[in-house]
Amino acid sequence: MIDFHCHLDLYPDPSAVIKQADKEGVYILAVTTTPQAWKINQTLTSGFGRVKIAVGLHPELVLERHKEVEILCSIMKETRYVGEIGIDGSLKNKSSMQLQQEVFKKIISQCENLGGRIMSIHARNAVKEVLDVLEAHPKAGIPVIHWFSGTDIELGRAVQLGCWFSVGPGMLRSNKGRDIAKIIPQERILTETDGPFVRNASQPLMPWEVKEAERFLAELWQTDMNSIRLKIQNNFRTLISRKLSGDKTNVSASL
Ligand code: MN
C-alpha cells in the first residue's frame, strides 16, 4: 500500500502509527508543514525504510512563517522530496495569496536550481496559480498534486504539464472527487490519506486505511483490489525511480 501524503508527526502517538504502518507494509511519504519538522521526522522514522520525508511549508502557515522559506530552501539540498507546499485560495487565506505565491515561486525555483524534486502540492482554490508557477519552471521536477479539486480543463492542463495526482478518501468520498479521479490518467495516480487531518468517523485516518482509497479506485476502474494495489505500487516505483535532470543530492532514490 502507498500513502503518498501523510502528516505522520501530527498524530497523537506518531511512533505507534509508524510501527503499525511498518507492520502493514505501507510505503509513506511523510509530508511536513514547517521546515523545523524535518529533523523531528527524521528522528521519528529512523530505521523505517518504507518512510520518506518531504520538507515543506504549508501554504496556510505562510502568513506567519514566510521567513522560514530560507530554512526550507537550505534543507531541500538534502532530500528529493518537498511538501507540503503550494497555494491555498480559500476565503480565509485569501489575504495572504500574494505572499503565498511569492513563497511558492521561491520554492519551485529552488527545486529547479537543485536539478528537480518530487513535490507534494496543495492547490485548493488555487489550481490556476499553482500551474502558472509550475509552467514557468519546467525543470522543477515532478509535481504530485494532492487532493486535486479543480475543473476538468484545469486537470487537462495539469496533465499536460506532467503533474501526477495523489487521491485519498477525503477526495473520493465526494461525487465531485470521484468524477475527477475518473478522468485522471491511471498511470499518474497514487493513493494518500492526508491523515490525521482526514478522519474516519471520530478517528484520524491511519496510513493503512489508504485501503479505502483503493476500494474507491477499484469501483471507479471496475477492477479488483489486487489489480489496484499492483497498479498503484507500479506507479509509485516508476515515480520514485525517475531520474530528475541534474539531481545534485546524494540521497538514494530507492525505497
Ligand atoms: Mn496535507
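**Briefing: the largest pocket, the manganese site and helix α7**

Sixteen residues, given here as 16, line the largest pocket, and those nearest its centre are Glu60, His122, Arg124, His146 and Asp194. The structure is a predicted model. One residue of this lining, Asp194, is also among the residues that coordinate the manganese ion.

**The largest pocket**
- The volume of the largest pocket is about 320 Å³.
- Sorted by class, its lining consists of six nonpolar, six polar and four charged residues.

**The manganese site**
- Four residues coordinate the manganese ion: His5 and His7, each through NE2, Glu84 through OE, and Asp194 through OD.
- These contacts to the manganese ion lie at 2.3 to 2.4 Å.
- Along the sequence, the spacing of the donor residues follows the pattern H-x1-H-x76-E-x109-D.
- Both histidine 5 and histidine 7 are buried.

**Helix α7**
- Helix α7 spans residues 152-160, and Leu155, Ala158 and Val159 are buried within this helix.
- These buried residues lie on the same side of α7, because they cover an arc of only 100 degrees around the axis.
- Ile153 and Gln160 are exposed, and they sit on the face of α7 turned away from its buried side.
- The packing partners of the buried residues of α7 are α6 (127-136), β7 (164-167) and α9 (175-183).
- After α7 comes glycine 162, which has a positive phi, near 90 degrees.

Notes:
Residues are numbered from 1 along each chain as its sequence is written. This is a predicted model: local features need pLDDT of at least 70, side-chain atom pairs count only at pLDDT 80 or more; totals for chains, interfaces and linings use all residues. Side-chain values use heavy atoms; hydrogens and water are left out. Donors are N, O and S atoms within 2.8 Å of the metal (3.2 Å for Na, K and Ca); water is not among the atoms, so sites may look incomplete. Buried means under 20% relative accessible area, exposed over 50%, partly exposed in between (1.4 Å probe, protein chains only). On a 1 Å grid over the protein atoms alone, a cavity is a set of points where a 1.4 Å probe fits but cannot get out, and a pocket is an open set with protein on both sides within 12 Å along at least five of seven lines; lining residues have an atom within 4 Å of a point. Grid points are joined across faces, edges and corners, and a volume is the space filled by probe spheres set on the points. Ala, Val, Leu, Ile, Met, Phe, Trp, Tyr, Cys and Pro count as nonpolar, Asp, Glu, Lys and Arg as charged, and the others, Gly among them, as polar. Helices (H or I, at least four residues) and strands (E, at least two) are DSSP runs, numbered from the N terminus. The arc is that of the directions from the helix axis to the C-beta atoms. Contact means heavy atoms within 4.5 Å.
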